[in-house]
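User: I would like a close look at the aromatic pairs in this model, followed by a careful account of some of the surrounding packing detail. Please take the aromatic part slowly and give the reasoning as you go.

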Amino acid sequence: MQRLYDSVSPHLATSARERRGQVPVRILLGLLLAWSLHAVGRDDLILPWLGVSAVVQLFEAWAMAPFRRGDLTGPDQGRIVLTALASTVVMAVVHAAAAMLVWLAGDKTLATVAVLILAGGLLNNIASGIESRTLFFLGATPYLVALAAMPLTQMADWRWTHLPLLATCVTLFFGAVLGVWSRTHAARRSEGRALADAETRLEQAETAMADRAAMAAIVSHELRTPVSAILASAQVIRDRGASERTPEAADLIIDAGRLMTGMLNDLLDHSKIEARGMTLEARDFDLAEFTAEAARFWAAPAAEKGLNLIARAPADPIWLKGDPHRLRQIVNNLVSNALKFTPRGEVVLDVRADPATDGGRRLVLSVRDQGAGIAPDAMARLFSPFAQGSAEVARTYGGTGLGLTVSRDLARLMGGDLTADGAEGGGAVFTLEVLLAEGQPVDRAEAAAAAPQVLTRRLRVLAVDDHEVNRRTLALVLQPLDVTLSAVASGAEALDLLATEPFDVVLMDVNMPGMDGNQATRRLRAAAGPNRQVPVIGFSAGVEPAQVAACREAGMTDWLPKPLEPARLYEALERAMTQSPMTEPAGADTQAA
């Protein structure tokens, strides 16, 4: 009984609306049958027939009313469904019986009327039972039985040689009816699925639009915080000059800049992953050193909040091959969140690398906090982009809501996954699992010997950037060094100056209006002049491998990402001092501009 209820109850609302639309046809049919009874001399049955027809119509209207209204609450749902099914059967039985009475009159014209009545009843049940096989057969079976019984009433007049013909025709008719219902039913289901898919996509699009609108509001709010800190600190330094507050203001500017850079990196990484443009490195690294570096990085923030940061990793060196930068990005995000949401107690970073059965090692990295845990509704959208646990979380802790999304996407790009567990009120555990290849030890002494040294001589530097703020930033960053700096705002101005004055290094912005940095570098390499082989350090916000490769092909000897970090710029200048002269720059034009 439960299976019957489950199969038909979702479709009775459609059937009820269809049957209500058939009421005028049924009234007309009742009058036609009354006329047929008069034609065969059975006036005594007209009033009883009209009464029965009216009662059946009212019974069906009453039985189907809850489904038309959508009122199916309460404990009597099973009885309501059975009553509706009974009304369908009773309606079909009464009309099929009336058609049989007309058929039995023996008049050929009225016999045709009886057949048409049964055929019309079948068609009506195809329409009202189109969504459910059960509803169709309950309503159609009485009409099919009556059609099959009609020839049996004429057995005395049969020619038995015609029996195969009759059986074939009846079978074909039944098959045609079932075929029409099956095809229409399949088409309706297909349309329903297509409509459901369209509604799902619309809901997803609306959700995405809402998430992006929320993202715009969040990013706007989050950017205002560090920008306000930068502006306020800069004003303190400008108005008060060198004072005891200058280091504090400078530290605040640095922290605010790093916060903004982190948000921008999250947005860029999310965009690259969505566009399938994210690439991973394959480098050897020591897991113990990797874990120790993560612990050192977050030790001060944990101590400032009064939390105990515990890092557990294998004591012996385990060398793996993977992308330590992206792994560190995931770890930093998880530990940052754990510290953010833990008011007191400890945060545990647990790392292990077990041998895998198919070679390599399975890296399992978990971060456990003692925060408020994760509510079930928040868990459902935990890894959704631009979504946070709640509005209260967004107001209290800030952030773009992209960190966990990017972290899980990175984990999956590595062939692993990032999962979360934790009931509300009991803390949370985030676990990264990924299979990595065995790595080879790297000589740390050689790496340390390669560290850049301070500048050993005075340099003539040309800075090329179309934005005044960037030129002023370069001047500020280079001020502590022994350099003579010239700055221009375009590639054309740079080529004019490079054609007449010698320089030791050129700092070239890649993205400039008109002649960009790549084009200017190609023309510099192709032109005869004092700076044809001068080192050119490109810098750009475009960090895709193809974009960096384009800079190299244009003839640049080094490249730095924006925002420029002073330490990395100093290292690039040191490399420029020690590099050998270029013989023929890659990608140089064969003709001068």
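Analyst:

**Aromatic pairs and selected packing details**

The structure holds three aromatic pairs. One of them is formed by phenylalanine 285 and phenylalanine 290, whose ring centres lie 5.7 Å apart and whose planes stand at 50°, so this pair is tilted. A pair of aromatic rings is described by the distance of the centres and the angle of the planes. The model is a predicted one, and the values here are to be read with that in mind. To count as a pair, ring centres must lie within 6.5 Å, while planes under 30 degrees apart would be stacked and planes over 60 would be edge-to-face; the 50° between phenylalanine 285 and phenylalanine 290 therefore leaves the pair tilted.

Are these two rings buried or exposed? Phenylalanine 285 has a relative accessible area of 7% and is buried, and phenylalanine 290, with 6%, is buried as well, because buried means under 20% relative accessible area.

Another ring has a charge as its partner: the charged end of arginine 460 sits over the ring of phenylalanine 503, at 4.9 Å from the centre of that ring.

Turning to single buried residues, alanine 302 has its place in helix H10, which covers residues 287-304, and at 1% relative accessibility alanine 302 counts as buried. When neighbours within four places in sequence are left aside, alanine 302 is in contact with Leu307, Leu309 and Leu339. The C-alpha atom of alanine 302 is also separated by 8.8 Å from that of glutamate 346, although the two residues are 44 residues apart along the chain.

Threonine 83, found in helix H5 (residues 77-104), likewise counts as buried, with a relative accessibility of 17%. Not counting residues up to four places away in sequence, threonine 83 touches Phe59, Trp62 and Ala63.

Finally, a contact between helices can be described. Helix H2 (residues 12-21) and helix H3 (residues 23-39) pack with their axes 4 Å apart and at an angle of about 45°, and the two helices are therefore oblique to each other. In this contact, Arg19, Arg20 and Gly21 of H2 meet Val23, Pro24 and Arg26 of H3, and the residues involved divide into two nonpolar, one polar and three charged.

Key:
Residues numbered from 1 in each chain as written. Predicted model: local features only at pLDDT ≥ 70, side-chain atom pairs only at ≥ 80, totals over all residues. Heavy atoms only, no water. Phe/Tyr/Trp six-rings, centres within 6.5 Å; stacked < 30°, edge-to-face > 60°. Buried < 20%, exposed > 50% of the residue type's maximum accessible area, 1.4 Å probe, protein only. Lys NZ or Arg CZ within 6 Å of the ring centre and 35° of its normal. Axes fitted to C-alpha atoms, helices over the stretch in contact; angles between N-to-C directions. Parallel < 35°, antiparallel > 145°, perpendicular 65-115°, else oblique. Contact = heavy atoms within 4.5 Å. Nonpolar A, V, L, I, M, F, W, Y, C, P; charged D, E, K, R; others polar.
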